[in-house]
Amino acid sequence: MTNEIAYIGLGSNLATPKTQINTAQQAINGLEGVLELAFSSLYRSTPMGPQDQPDYVNAVMAIETDLSAIELLRCLQKIELDHGRVRKDERWGARTLDLDILLYGQQMIDLPDLIVPHYGLAERAFVLYPLHEIAPELKVPGLGGMAELIASCPLDGLVKLPL
Ligand code: ROI
């Protein structure tokens, strides 16, 4: 059994986003073969993509898991569906719940369904800042250390929400 530490990005901008993030955290915690290691603060972020949609709530979770990356992806997709996620044609539209595998150990994965590290990681403040909060020493394969990544990513309106 090989255990990996994986990082999951959580985002929601519909149907009481904070509740979506909290119940998603519980659902991920409830997966067999998954142990929560850390959970960031919740952050409010302005939408990336079309601007005619509500602000997002974003967070990052660290887990230890013996699921393969693809098994983990399938479990996360099921949780998205359980939260009423409806895939629409519009690219980058509003969503009740988005769960992305940001990192899976130090592995670089390039499959039709899954690219890890997540392609948007370096440009997305709503991913980088919560990730930095829980894993300041992390090295991202192909991209470097968190301090350098943060230094070249403006906050972009990101606000840490009070507890
Ligand atoms: N914008 C923000 N701020 N947060 C997200 O989680 C997010 N997720 C997305 C798109 C539509 C790209 N924009 C986002 O998938």
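**Exercise 1. In which loop is aspartate 156 found? Place the residue, then look at its exposure.**

Step 1. Before we start: this is a predicted model, where local features need pLDDT of at least 70, side-chain atom pairs count only at pLDDT 80 or more, and totals for chains, interfaces and linings use all residues. Residues are numbered from 1 along each chain as its sequence is written, and side-chain values use heavy atoms, with hydrogens and water left out.

Step 2. Aspartate 156 is in the loop between α4 (146-151) and β10 (159-160); helices (H or I, at least four residues) and strands (E, at least two) are DSSP runs, numbered from the N terminus.

Step 3. With a relative accessible area of 59%, aspartate 156 is exposed. The scale runs like this: buried is under 20% relative accessible area, exposed over 50%, partly exposed in between (1.4 Å probe, protein chains only).

Step 4. Now check a partner: the C-alpha atoms of aspartate 156 and serine 45 are separated by 7.9 Å, though the two residues are 111 apart along the chain.

**Exercise 2. Work out which side chains make polar contacts with the ligand.**

Step 1. Keep the cut-off handy: a polar contact is a pair of N or O atoms within 3.5 Å; within protein, one must be able to donate a hydrogen and the other to accept it, and residues adjacent in sequence count only if both atoms are side-chain atoms.

Step 2. Serine 45 comes up again here: an N or O atom of its side chain is 2.7 Å from a ligand nitrogen.

Step 3. Ligand oxygen atoms bring in arginine 95, with a side-chain N or O atom at 3.1 Å, and aspartate 98, with a polar side-chain atom at 3.3 Å.

Step 4. As for cover, the protein takes up 96% of the 350 Å² of accessible area that the ligand has on its own (Shrake-Rupley method, 1.4 Å probe; for residues, only the protein chains shown count as cover).

**Exercise 3. Find what the side chain of asparagine 13 reaches, then do likewise for threonine 96.**

Step 1. Asparagine 13 sits in the loop between β1 (4-12) and α1 (17-29) and, at 3% relative accessibility, is buried.

Step 2. Polar atoms of the asparagine 13 side chain lie 3.1 Å from the backbone oxygen of proline 54 and 2.8 Å from the backbone nitrogen of arginine 95.

Step 3. Threonine 96 belongs to the loop between α2 (69-82) and β5 (98-104). It counts as buried at 12% relative accessibility, and its side chain reaches the backbone oxygen of histidine 83 at 3.1 Å.
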